[in-house]
Amino acid sequence: MSKKNGAPKNEKAAAARAQAQKNVKSQERKTMVGIIVGAVAVLAIFGGIVYFIVQSGKIPGLDDPNVVAPAGADATGGIAVGTGGVVGEDVPTDVQRLDVYEDYMCPICGSFEEINAEDINAMREAGTVAVYYHPLAILDYYSMGTQYSTRAANAAATVADAAPEAYLDFSAALYANQPAENTEGLSDAQIEQIAITAGVPEDVAATFEDGKFTKWVIAATDQASQDFAEQEQRTATPTIMLDRTILLQADVPFFEEGVLKAHIESQE
């Protein structure tokens with residue numbers, strides 16, 4: 001999760017909060033455009049929905065023997081990071097569980113990280129919460145056919161598996177270099193270089209293009225959608241769960257420094 005130097009902390013938080021509000025409004029506009037287009041092309045969209053449903057039947061589950069999960073991942077598709085910042089090590093079991101669902105193409109996720117990363121890291125390091133990260137791929141259609149969300153999530157899973165001590169730094173670096181929606185996103189070579197700069201061994205970064213965890217990313221994203229639907233919530237990022245109950249989904253009130261941390265601590 002990202003932590004940047006530069007402008008005073010309060011100025012950064014204000015800027016990130018303003019950007020989050022802008023992103024939410026932008027997403028609302030996109031939704032409205034989608035509704036208008038849908039009204040004009042009902043038959044085409046209906047056909048697309050049917051096709052999606054048919055194709056969804058082919059999505060593997062996380063328990064599918066053909067799905068390779070990264071080390072440290074659990075049955076929900078969450079990657080556990082312990083108190084020392086290493087995937088799968090020193091993860092407390094007798095504290096509140098915090099699940100962070102994000103998509104590396106999601107600008108609101110970037111704003112969420114800017115404001116809340118330091119607090120989440122502090123709680124994790126203190127052992128007051130067990131943090132599970134869920135790299136999802138729900139915004140591939142915003143990367144002009146390059147499937148950036150899937151590629152970035154696969155890279156994150158690869159690092160979690162083969163360089164667990166570098167997972168948080170790599171994830172933070174992806175947000176620090178986050179591409180804009182409706183672009184091709186970062187190339188595989190760029191993701192590889194970012195990983196190496198973040199401390200991922202070169203031989204590990206070189207395997208990103210193998211797509212070893214692509215099926216897991218797809219299955220984990222589908223599992224997240226099912227888990228959200230069970231709580232009558234849409235598939236959206238960022239989504240935060242506290243003890244497996246959805247706490248927020250792209251909610252601007254939590255895009256203010258300290259508010260999320262205070263809320264979590266009040267539930268202890």
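**Exercise 1. In which loop does Q147 lie, and what is notable about its backbone and its accessibility?**

Two remarks on conventions come before the solution. The model is a predicted one, in which local features need pLDDT of at least 70 and side-chain atom pairs count only at pLDDT 80 or more, while totals for chains, interfaces and linings use all residues. Residues are numbered from 1 along each chain as its sequence is written, and side-chain values use heavy atoms, with hydrogens and water left out.

Step 1. Q147 is found in the loop between β3 (129–135) and α4 (148–162), where helices (H or I, at least four residues) and strands (E, at least two) are DSSP runs numbered from the N terminus.

Step 2. The phi of Q147 is near 55°, which is a positive value in a residue other than glycine. Most residues other than glycine have a negative phi, and most peptide bonds are trans.

Step 3. Q147 counts as partly exposed because its relative accessibility is 47%; buried means under 20% relative accessible area, exposed over 50%, and partly exposed in between, with a 1.4 Å probe and protein chains only.

**Exercise 2. Describe the backbone at P238 and at D243, and place both residues in the chain.**

Step 1. The peptide bond that joins T237 and P238 is cis, with omega about -5°, and P238 lies in the loop between α8 (214–230) and β4 (239–242).

Step 2. D243 belongs to the loop between β4 and β5 (245–249), and this residue has a positive phi of about 55° although it is not a glycine.

Step 3. Because its relative accessibility is 43%, D243 counts as partly exposed.

**Exercise 3. Is T239 buried or exposed, and which residues does T239 touch?**

Step 1. T239 is placed in strand β4, and its relative accessible area of 0% is why T239 counts as buried.

Step 2. The side chain of T239 makes a polar contact with the side chain of Q249, at 2.9 Å. A polar contact is a pair of N or O atoms within 3.5 Å; within protein, one must be able to donate a hydrogen and the other to accept it, and residues adjacent in sequence count only if both atoms are side-chain atoms.

Step 3. Not counting residues up to four places away in sequence, T239 touches D99, V100, Y101, F228, I246, L248 and Q249, contact meaning heavy atoms within 4.5 Å.

Step 4. F228, which appears in that list, sits in helix α8 and is likewise buried, with a relative accessible area of 0%. Among the residues that F228 touches, leaving aside those up to four places away in sequence, are T239, M241, I246 and Q249. The C-alpha atoms of F228 and M241, 13 residues apart along the chain, are separated by 9.8 Å.

**Exercise 4. Characterise the packing of α4 against α5, and then that of α3 against α9.**

Step 1. α4 and helix α5 (residues 167–176) pack at an angle of about 160°, with their axes 9 Å apart; axes are lines fitted to C-alpha atoms, for helices over the stretch in contact, and angles run from 0 to 180 degrees between N-to-C directions.

Step 2. The two helices α4 and α5 are therefore roughly antiparallel to each other, since angles under 35 degrees count as roughly parallel, over 145 as roughly antiparallel, 65 to 115 as roughly perpendicular and the rest as oblique.

Step 3. Y148, A152, A155, A156, V159 and A160 in α4 meet Y167, F170 and L174 in α5. By class, the residues of this contact are nine nonpolar, no polar and no charged, where Ala, Val, Leu, Ile, Met, Phe, Trp, Tyr, Cys and Pro count as nonpolar, Asp, Glu, Lys and Arg as charged, and the others, Gly among them, as polar.

Step 4. Turning to the second pair, the axes of helix α3 (residues 107–126) and helix α9 (residues 259–266) come within 8 Å and cross at roughly 40°, which makes α3 oblique to α9. The contact is made by F112, N116, D119, I120 and M123 of α3 together with L260, K261, I264 and E265 of α9, and these residues divide into five nonpolar, one polar and three charged.
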